[in-house]
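Okay, everyone, let me put the next one up on the screen. I'll talk about a cavity and then about a sheet.

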Amino acid sequence: MSGTTVLARGDFDPALVAAVTRATEAAARAAGAWFGRGDKDAADGAAVAAMRAALVNAPFDGTVVIGEGEKDAAPMLANGERLGAGNSPRCDVAVDPLDGTRLTAEGLPGSISVIALAPADTMFDPLDVFYMDKIVAGPVGIGVLDLRRSATQNLEAYAIAAGIPVGELVVVVLDKPRHESLIAEIRAARATVRLVGEGDVLAAVAAASAGSDVDLVLGIGGTPEGIVAACAVRALGGFMQGRLAPQSDEQLAMAIAAGHDTNRILELDDLVASDRVLFVSTAVT
């Protein structure tokens, strides 16, 4: 299948890379059968089943740390689920069999199937927190950007470090009501806002990639997608920070009960504490 991206840092067995690639391609094909048919759950469920089946005999001992679906009761590979044939290496697994369910259901481009691996016990476990504030950029952002600063301050600092005017920066933001003031601030700083309805994993990969037409990703997206994206950013040598962002009093109470500090800035080393990462994505459409 065309449209598959493989990003790896560290030494991975080619047989494992091939198995993970087959899994994303199988999930993408299964989801693609539901393209434009208006049924998000059917598309997601088909992708989940295909990915699970493809990984049953994969040459690794994997535990799902990041499974998609909890925040909206969608089909999912469950946190704690074991994948693979049970042989070495032991890996944490982050999966999103269909990132962009609405896009697939409505016949729009931009949906992907994605898997990320890292050594066991190195991925951040965002138990009971479904949303995360994120900032992503390429290597230029290292030591320059900080979530504790305003969007304007970050844009100005990044522009100086990159040696370009703020007005030439392109910033991806999810097109959600919660981002109304962020979008206004970015535009007031004269940077270009590129709105996407879903798919901040793809946006993060673009921002961290050399030669891309995206400079930064800002705003609140899914926490599972954030951990998946962190693996890609790590492989690309880019910059990323996150901060857990519960979206209701109920979600905040869950986060506190799970022992999370919602004020803590999560550096890339916190999100995935290993230089050895594998990220594979396949475009559904």
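Before the cavity, a bit of vocabulary: Ala, Val, Leu, Ile, Met, Phe, Trp, Tyr, Cys and Pro count as nonpolar, Asp, Glu, Lys and Arg as charged, and the others, Gly among them, as polar. And keep in mind that this is a predicted model.

So, cavities. With a cut-off of 30 Å³ or more, the count is two. I'll stick with the second largest cavity, which has a volume of about 60 Å³. Its lining is made of 13 residues, and Leu174, Asp200, Val217, Leu218 and Gly219 are the ones nearest the centre. Which elements give two or more residues to that lining? Those are strand E7 (170-174), helix H6 (200-208) and strand E9 (216-222). E9 has the largest share, with five residues. By the classes I just gave, the lining of the second largest cavity splits into eight nonpolar, three polar and two charged residues.

Now the sheet. There's an open one of six strands, mixed in its pairing, and the order reads E1-E12-E5-E4-E2-E3. Why is one side of E1 and of E3 left without a neighbour in the sheet? Strand E1 (4-9) and strand E3 (82-83) are at the edges and each has a single partner strand, so that side stays unpaired in the sheet. E1 pairs with strand E12 (residues 277-283), antiparallel, over six bridges. If you want a spot to click on, Arg9 is opposite Val277 in E12.

Last thing: helix H7 (residues 223-236) lies across E1, E2, E4, E5 and E12, and runs at about 65° to E1.

Terms used
Residues numbered from 1 in each chain as written. Predicted model: local features only at pLDDT ≥ 70, side-chain atom pairs only at ≥ 80, totals over all residues. Heavy atoms only, no water. 1 Å grid on protein atoms, 1.4 Å probe; cavity = no way out; pocket = protein on both sides within 12 Å on 5 of 7 lines; lining within 4 Å. Points joined across faces, edges and corners; volume = space filled by probe spheres on them. Helix = DSSP H or I, 4+ residues; strand = E, 2+ residues; numbered from the N terminus. Pairing = 2+ DSSP bridges. Contact = heavy atoms within 4.5 Å. Axes fitted to C-alpha atoms, helices over the stretch in contact; angles between N-to-C directions.
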